[in-house]
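Q: Please take a close look at how charged side chains pair up in this model. Then set that against the strands and helices around them.

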Amino acid sequence: MLLALDVGNSHTVFGIFQGEGLREQWRVATEARRTADEWAVVLQGLLSGSGLVGHRDIDGIAMCCTVPHVQHEMRVMFRRHFGDVPAVIVEPGVKTGVPIRMDNPKEVGSDRIVNALAAVQLYGGPCVVVDFGTATTFDAVSRRGEYVGGAIAPGIDISVEALSRRGAQLHMVEIFRPRSVIAKNTTEALRSGIVYGFAGQVDGIVDRMAQELTENVDEVTVVATGGLAPTVIDECETVDVHEPSLTLIGLRMVFERNVT
């Protein structure tokens, strides 16, 4: 079985693949101060709670990581606790099959390349991937499967947190669709601005990207992923597909390209 790890700034997602099937998935907070042994305790606790897979069943590991200190500790964990298991960490030099058409390809987050790979393999190009995480990222992939660029906007959670900190009479709210766009109280006004505001942002950026990708914008498939995607995608007119496990699927594909 393959262990896939998507380590983001806020959350780390663990996935277990048996062949092409994703059999287990867990999400934990990304704690940058955790040591390699602490990460091993977290992982082994998740595995031991699963009736499907155990520590000794893992025969491959694939990871992308956006937090350098955590990546270092993960390397140590792999070496110390999974020493005989082949591990692929997505970084420069690893085969992804995705040409990167950027001024400095090394600047592109490994998770964004993995998402581009999975999206174009699953749905074809051209496509745009919208990843709702700590930041909301938009990644454009050409018809030929090239990563041609993207956009980065503040994520939903950090935007809401910033608003509650700077607004004396504003507060954190649970985010879901309000009764109407024109709210009748402060709580629903916040929900309206967040849900419809981010949906409008997504549609606006995606429309512009699609126009730059191709003359026929109907050819562009828009794929949403990320832990916060369910918050707004029902209000987005441009999203075609919601694939919550897109990054994990891409990691499986990268592993296959480099090990099998």
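A: **Charged pairs and their setting**

At 10% relative accessibility, E146 counts as buried, because the cut-off for that class is under 20%. The model is predicted, so this and every value below is computed from predicted coordinates. The salt-bridge partner of E146 is R144, with N and O 3.4 Å apart. R144 has a relative accessible area of 70% and is therefore exposed, so this pair joins a buried side chain to an exposed one.

A second pair is formed by R177 and E235, whose closest N and O atoms are likewise given as 3.4 Å apart. R177 sits in the loop between α4 (156-166) and α5, and E235 in the loop between α6 (229-232) and β10 (241-242), so this salt bridge ties together parts that are 58 residues apart in sequence. R177 is exposed, at 55% relative accessibility. Elsewhere, salt bridges with shared partners join R101, R144 and E146 into one network.

Over the whole structure, a search finds nine salt bridges. One of them links R143 and E219, at 2.4 Å from N to O. This pair, too, connects distant parts of the chain: R143 belongs to the loop between β7 (135-141) and β8 (147-154), E219 to the loop between α5 (186-213) and β9 (221-225), and 76 residues separate them. With a relative accessibility of 34%, E219 counts as partly exposed.

The strand after that loop, β9, has five of its five residues buried, so the rest of the structure largely encloses it. T221, V223 and T225 point one way from β9, while V222 and A224 point the other way. On pairing, β9 runs parallel to β6 (residues 127-132) over five bridges, with D131 opposite T225. β9 also pairs in the parallel sense with β10, over two bridges; here V223 stands opposite V241.

D131 leads on to another acidic residue, as it is among the residues touched by D111. The others are D6, C64, T66 and T247, leaving aside residues up to four places away in sequence. D111 lies in helix α3 (residues 110-123) and counts as buried at 16% relative accessibility. In an unreviewed entry, UniProt places the feature "active site" at D111.

Two of these contacts, D6 and C64, fall within strands β1 (2-7) and β4 (residues 60-65). Both strands belong to an open sheet of five strands, in the order β3-β2-β1-β4-β5 and with mixed pairing. The edges are β3 (21-29) and β5 (87-89), each of which pairs on one side only. From one strand to the next, the twist averages 15°. β4 and β5 pair in the parallel sense over three bridges, and A87 in β5 is the bridge partner of I61. Helix α1 (residues 36-48) lies across β1, β2 (11-18) and β3, at about 135° to β3.

How values were computed
Residues numbered from 1 in each chain as written. Predicted model: local features only at pLDDT ≥ 70, side-chain atom pairs only at ≥ 80, totals over all residues. Heavy atoms only, no water. Pairing = 2+ DSSP bridges. Helix = DSSP H or I, 4+ residues; strand = E, 2+ residues; numbered from the N terminus. Axes fitted to C-alpha atoms, helices over the stretch in contact; angles between N-to-C directions. Contact = heavy atoms within 4.5 Å. UniProt positions renumbered as here; feature names shortened; annotations may be inferred. Buried < 20%, exposed > 50% of the residue type's maximum accessible area, 1.4 Å probe, protein only. Salt bridge = Lys/Arg side-chain N within 4 Å of Asp/Glu carboxyl O.
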